[in-house]
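User: I am new to this structure and would like to go through it step by step. Please reason each answer out before you name the result.

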Amino acid sequence: MRPELEAQLLNCRNLPSPPGVAVRIIELAQDPDVVMATAADTIGLDAALSARMLRIANSPLYASRRRVENLSQALTVLGLNATLTLALGFSLAHCRSGSHPVAQERVWRRSVIAALASRVLGQHAGVRKAEELMLAGLLQDIGMLALLEVLGDDYARLIERTTGNAELLAAERDWLGCDHATIGGWLARQWNLPALLREAIIESEMSASDSTFNACVAVSGHVADIWLAGMDEARTEEAHRHAAMQAATRLGMDYPAFLATTEEMLAALPEVYAMFDVPPAAPARIQALLDHARELLVVRNLREIQDAARARKEANEHEDRARRLEEEVRRDPLTGAYNRSQLEEVLEKEFDTATRHGWPLSIAFIDLDDFKQVNDRWGHLVGDEVLRNFAKALMRQVRSSDIVARYGGEEFLVVLPGIGEEAAAQVVRRILSEVADVAMADVDGKPLHITFSAGLATQGALEQFRHVDDLLRAADEALYGAKREGRNRVSVGAIAP
């Protein structure tokens, strides 16, 4: 992004921002210990949001045997994860500007169709994150709303005169030196959205994706373009062919499966339009296209798409091999946790990001209690088994966005981005309690249990460390404090000078 554009975005007073309820939901979505009651209390503050959650709980997307009558029942039907994700999507959906209704209508219609497409594509691809996919699809064009605020009529005219998303992207890159996906990723970071969503938004207009999740979101935009082609038969067929090709090359989806996906969307779109307050579009043109596509199923497009699917499969196999080799370099060969060199690289980036944006960052130094006695009494093979099983148990207990690394010997370090001191202490104490109940080895038919001592330090509102080494030093000192106090405990570091 060019510096002058970033400056305009930063100084724009009308830039969309999440309402208070959305901010609270973002916090809850990143809290591993949140409970349903807390989510219900937060959603209940917004009557319109509560009504939407009731509507979706009673929709065909979440059909149940009996009608849902209140918010408590709705949240039970949806589940905690779906509740938080959908509530966040509905809240952020109302952050859009109303200054340019024609351009906004095009952006918003594409977003809503893409939200459904992401979900349906994810189901076919075996991604078990239906609500997160729906939210990522909905927000992938959020950068357009920011550009409408900053650039006003000039950007609105650009949207209105371009005939498709590819043409819009080319015009954006020529004019701005970046595209709306880059702006959307920037805005997602300003909103402190989860990393899963930020990455999906940024990769939504890239030619390749790092994950199947991101690929589903990227392909969903191409699927949405089928509906946006309107009554132009040539444009609609070209959009359909291009979307099918993208589904084949990026998701390995053959043509019959893609047709089935489009038919599912035809059935579900009226409900999704209603949920997001989008005027319904006549499906006759799309239905006619599907009928024609079935007739041509075994001719030119099928061969082209199948060839692309095979090429994608081969490319994925090469990428998987390269990724595995790269991952092996980053991992400790004994425990599978990240090694120290990878830890230093990641920790420094997280520290810089937290310091720059004022976000909390907690780290925990963990040292196995009396580990030397394990090696001395039962030998290093048993000691290695203990280290391996402890690392596995530790990695099971943290979020996917957290980092577990072997620092050296029997020392490990856990990096907890976005978590303050109190919450981090609760997380580490919970891990200590649960790990202590799991046998780390079997010696002569008897289970071997271990405990650990941990020192915690946080870069946050109260603690402002000047350098990442100062944060590490504080956690290390807290660890020695835990050992002096008798081991098998978590000690919190002092405030930085």
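User: Which helix lies across β1, β3, β6 and β7?

Analyst: This is a predicted model, in which local features need pLDDT of at least 70, side-chain atom pairs count only at pLDDT 80 or more, and totals for chains, interfaces and linings use all residues. Residues are numbered from 1 along each chain as its sequence is written, and side-chain values use heavy atoms, leaving out hydrogens and water. Helices (H or I, at least four residues) and strands (E, at least two) are DSSP runs numbered from the N terminus. The element that crosses these strands, running at about 145° to β6, comprises residues 468-484 and is helix α23.

User: Which strands stand at the edges of the open five-stranded sheet?

Analyst: The sheet has mixed pairing and the order β2-β3-β1-β6-β7, where two strands pair if DSSP finds at least two bridges between them. A strand with a single partner has one side left without a neighbour in the sheet, so the edges are β2 (403-408) and β7 (490-492).

User: In β6, what is the bridge partner of isoleucine 363?

Analyst: Strand β1 (residues 361-368) pairs with strand β6 (residues 452-459) in the antiparallel sense, over eight bridges. In β6, the residue bridged to isoleucine 363 is alanine 457.

User: Is leucine 187 buried or exposed?

Analyst: Leucine 187 belongs to helix α12 (residues 180-190). Buried means under 20% relative accessible area and exposed over 50%, with partly exposed in between (1.4 Å probe, protein chains only). Because its relative accessibility is 1%, leucine 187 counts as buried.

Conventions
Contact means heavy atoms within 4.5 Å. Axes are lines fitted to C-alpha atoms, for helices over the stretch in contact, and angles run from 0 to 180 degrees between N-to-C directions.
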